[in-house]
Structures are given as C-alpha cells and as structure tokens.
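Open the model in a viewer with residue selection by number. The stops below go from a sheet to the helices.

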Amino acid sequence: MSRVSASPSSEPTTAHALLRRLHDHGVRTVFGVVGREAASILFDEEDGIEFVLTRHEFTAGVAADVLARISGRPQACWATLGPGMTNLATGVATSALDRSPVVALAAQSETHDIFPNDTHQCLDSVSIMRPMTKYAAELQRPDDITDVVDSAMAAAMAEPVGPSFISLPVDLLGSEVDTSLPHPPAKIPAKPVGAVESGWQEAALKAAELLGSARHPVLVIGAAAIRSGATPVIRALAERLRLPVITTYTAKGVLPHGHDLNYGAVTGYMDGILSFPALDTLFAPADLILTLGYDYAEDLRPSMWQRGADKTTIRVAPTTNPVPRVYRPDLDIVTDVRAFVEHLDRHTAGLAAKIPHDITPLRARIAEFLADPHHYDDGLRVHQVMDSMNTIMAETAEAGEGTIVSDIGFFRHYGVLFARADQPFGFLTSAGCSSFGYGIPAAIGAQLARPGQPTFLIAGDGGFHSNSADLETIARLNLPIVTVVVNNNANGLIELYQNIGHHRSHDPAVKFSGVDFTALARANGVEAARATSREELLAALRKGVGLGRPFLIEVPVTYDFQAGGFAALSI
C-alpha cells in the first residue's frame, strides 16, 4: 500500500477534526516539525490555529510548555514518527517535571504497518511516552479523535498538571470522519482540577491556631499556588500578618522583587555562591513552615528548611503527598490552595501581625555582590551580568511586567538568587527537568505569551549551543528577545562538581574550543554584539531592547570555583 494518499480528500478528515477540537479547547498555536504525515495534514485545516515550525522537536515541546505555564491553558506540540517523536520526548519530560499542561502529538506508521522496531521509523511511541505523561493513547478509529483529544486535555489539566500524548497513524490522520456525530462542548476548566479531601476546613482551623501561636512563621510557595489563582490572596495575607515569603525557583514573583516580605527564592547553591550562611539566615529562626502549593520537583528540599529552631510544618496542596519519606508535615491539607488561603485569612482576622525575622545580613551580602564594581581581566562575573540585566529590565518593563528566562548551568543559580521577577513566572527556568538547551524555546514561549513585554534570556555557552539552531526561529518570528550568552568555553556547572568531588577539574570532560556566538547569531539573522565590561553590557542591553527585534550579546565570563559551601546539595 502507498504511504501517500492518491488524491486530496474533499471531505473533512481526522486532521480537520483534530485541529477543530484543539481549537475548541483554546489552543491557538501548535509548535513542531512535520514529516511525511504532511500528505495527511497541512495545519491550515482549521482557522485560528497557527503552526510554528521549529528547528528541533525539543524546542517545540519546551515552547509549548512555557506558553502553557504562563497562560494557564493547555498548549500543543507536534512531531513526526520515530526519531521526531523521540526528539520530542525531552520536551514532554520537561512539561512533566515542570508541571505544564501540554498535549504532545506525533505521527505513527500506517495502521497496517505498525511493527515497532521492525518497520522503518516505527517505534512503540505510546510505551515510550506513557511513563512521563498523564495520558498516552494511539488513535484506533478516525471518529474517536474528538474523544481522544478530550481525554488528553482532561488529564493534562488535572493536578499535578502535565503532558498528554496522542499517537496518530498517518493513514487514519488522512481518513474521512463522520461530522454528523454529536459531541458535547469542550470542557475548559478555569484552572487545573485538584484533589479535595473532606474535612479540610477543620484542618485549616488547626493551621490558623498554629499560625497564631508561632513566633516566626514563614510561607514557602510553589507553582501550584500560582496555578490555583492564589497569588493575590497570598500577597494580602502576607502583608496583613507580616509573613515572610520564600519561593521555589518556579514561584519567583509571587511577591514583587523589591517587596520587604519577599525573602527570595531558594537554591542549594546559594551558600556556596555567596560564601555566606544564607539558608541558616532564611530558615533557622522560623518555628512554623507553611508550604502552599509546594512541589518537591521544584528543587527546594525539606532538608533546606530544617535548620535551627524546631519547626512545625504544614503542607497545603491540591494533591496527596507524593514524597512522605522526605517531607513529613505535621499537618497535611489536601485542597485548592486559593480556597485554603481565603479560609485561613477569614479565620485569622483578629490575629496580630508577626515580627518577621531579620535577614538584613543576607540582603547586605546580596547587595554587595550585585554592586561589585571590579573589572576582571579574565571576564565578567555572572553576578555582574545579572545586575546589569536587572537594571535594564527595571528601565524597560512596566510595573509588574517583564520576564527573565534562564537556560541550565551554574549561572542559573545566580538567576534564582538575583534575577528580577515582578510577576508570577517573571523568572523562568526548568526547575524539574533542567535540560540543556531550555533557554531558547522557553524564551520563545514567554515572548509569545507576553508579546508586549520585554523578554531577556541568559544562557551559558554549553546549553545555548546545544539548541542554537532555533535562533533562526526567533529571527523568523521576529521576536524581540534579548539574549545574553555568558561564555566560559566550558560546562561550568560540571566543572563545579569536579571541584566539589575532587578539588580540581579535568578539562577533557568540560572544556570546549571557542565559538563566536556573535557570528553564529548573525548567520541566523540576529543582530549581535560582544561586551567585556559592565559599561559595554549595559549599552548593549539598552540597544537590544530599543531595537524591537532579536538581539544577542556575548559576554566572556569566569567562575571563581570554590569547593566549600555546597553541603545543601546533599540528598
């Protein structure tokens, strides 16, 4: 049998029905790379859906992940069969570990030729995707496509939110469908659907009592709190009761960057970066830890807050506790985070404001880092780069706007500590999956989600060049992303671990030859500059935001590796 249909169908096909149902669920963009299934689907079968061609399927998956995270709505990505699907798998893993509702779609061999590992480009894609998805299915009949999409969407939007996967045999994709079959309207929940245990209100009253008796309570916020719509009520409660707010990487921005109760985002690298007992300063005085939407995948581990004073811990989340071995809360409340905070607010109306514990020494140490005026002949330091990006973001973004995206590497933890974030998801990184090359697709997703706001990307030379082909995608879409490549010609984070474990490094495992990233950018249609000082970097950033089109800045950097101060990384 032919792999290409003999003639175009004049009747609606599975491809029409697929795109129509995605549109019904609010999807307006499909990111991806198309293969020979193009004979069955053009992606113009449904008005209102745009196909965004990427250079790599991983880019498609991460761009969908970030657009879904910011919009709060499911998004879609596409790959061809076989290697396209396996390339997409890392993007699917990103949306699984970073908790974004993504529907991943991939072509499959014709139904009569599905012999995994024997047919050309044929793999058992559902079995490959099932362990990292909420739902994985292969279409069996064309008329089932609407129901399959509905099932995928429902699973993706159930907490913990994550990816669904649909495998589409190419002969079924081009088959005619019966449009007379009745289908209910697409069900679009206002926010993800979570678990609610009976009696949670009584448990919330106990939480109010514990909060009232605590001397130094602290709120620890995860991304599920943002997904629940709890950000405004968390801010109001924190301000009324003077409660310090500490976040995971992902939840930065729940309180604005400069808010006096914003005690920052936590990374296990912070003591080593700052050469300062930051974790003790943040957590040792606390006697109550109230985690709201906490998620272990976001890489703030309970061992980080178990310092100093004995602590009572309260967990509030829309899922049952998946990690009781490492997080044993004294009180575990399974319910919607916003509903809990509103309930808590009502039942603490007469409670006097707390006196937040003092972190002035930590703030002074951070300010000292960011103000570092020294000129280093061997390259800027990453804290100087972050301070420069913060400065121009403050000049450029409207109040409560702007996004700083970080690829993966040692520099990312400087971003966790120092990057400006004045809105939820105002700092974006992959806390859960942390795959090299995350930065470009995440910046694409962020800029498409917030088209009127500035987007800055910081990336290391290692991660950036692992996915740099999609610079062309940024250029083709003319997205005004300002990219800063901090270049030390090495995998710096791995060099850090070499020093932690061996007190020396081994160059063949971490060092690269030089790449001229400004020439690479220009070759892909992106204007570029090189900056070797604070002054040059500030000028280049200002130029970049003023252009209104893509711009890249290469910045030579050096890390001062110290093996000490990273004990918090122990699991």
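Two strands count as paired if DSSP finds at least two bridges between them. The model on screen is predicted.

**Stop 1: a pair of strands**

Select residues 217-221, strand β7, together with residues 288-292, strand β10. The two run in the parallel sense and are joined over five bridges. To see one of the bridges, pick P217 and look across to L288, its partner in β10.

**Stop 2: the sheet around that pair**

Now extend the selection to the whole sheet. In what order do its six strands lie? Reading across, the order is β9-β8-β7-β10-β11-β12; the sheet is open and the pairing parallel. Select 262-265 for β9 and 331-334 for β12: these are the edge strands, and each of them pairs on one side only. Ignoring direction, neighbouring strands in this sheet are turned by 15 degrees against each other on average.

**Stop 3: a helix across the sheet**

Add residues 200-213, helix α7. Which strands does α7 lie across? They are β7, β10, β11 (312-317) and β12, and α7 runs at about 135 degrees to β12.

**Stop 4: the helix partner of α7**

Keep α7 and add helix α13, residues 337-346. The axes of α7 and α13 come within 9 Å and cross at roughly 55 degrees. With that angle, α7 is oblique to α13. The crossing of α7 over α13 is right-handed. For the contact itself, show side chains of W200, Q201, A204, L205, A207, A208 and L211 on α7, and of A339, F340, H343 and L344 on α13. Coloured by class, the contact of α7 with α13 has nine nonpolar residues, two polar ones and no charged ones.

**Stop 5: a second helix pair**

Clear the selection and take helix α2, residues 57-71, with helix α17, residues 439-449. The axes of α2 and α17 are 7 Å apart, and the packing angle is about 40 degrees. Is α2 parallel or oblique to α17? It is oblique, because angles under 35 degrees count as roughly parallel and this one is about 40 degrees. α2 passes α17 in a right-handed crossing.

Show the contact residues next. From α2 they are T59, V62, A63, V66, L67 and I70. From α17 they are P441, A442, I444, G445, A446, L448 and A449. In the contact of α2 with α17, eleven residues are nonpolar, two are polar and no residue is charged.

Notes:
Residues numbered from 1 in each chain as written. Predicted model: local features only at pLDDT ≥ 70, side-chain atom pairs only at ≥ 80, totals over all residues. Heavy atoms only, no water. Axes fitted to C-alpha atoms, helices over the stretch in contact; angles between N-to-C directions. Helix = DSSP H or I, 4+ residues; strand = E, 2+ residues; numbered from the N terminus. Parallel < 35°, antiparallel > 145°, perpendicular 65-115°, else oblique. Left-handed = near helix turned anticlockwise from the far one by under 90°. Contact = heavy atoms within 4.5 Å. Nonpolar A, V, L, I, M, F, W, Y, C, P; charged D, E, K, R; others polar.
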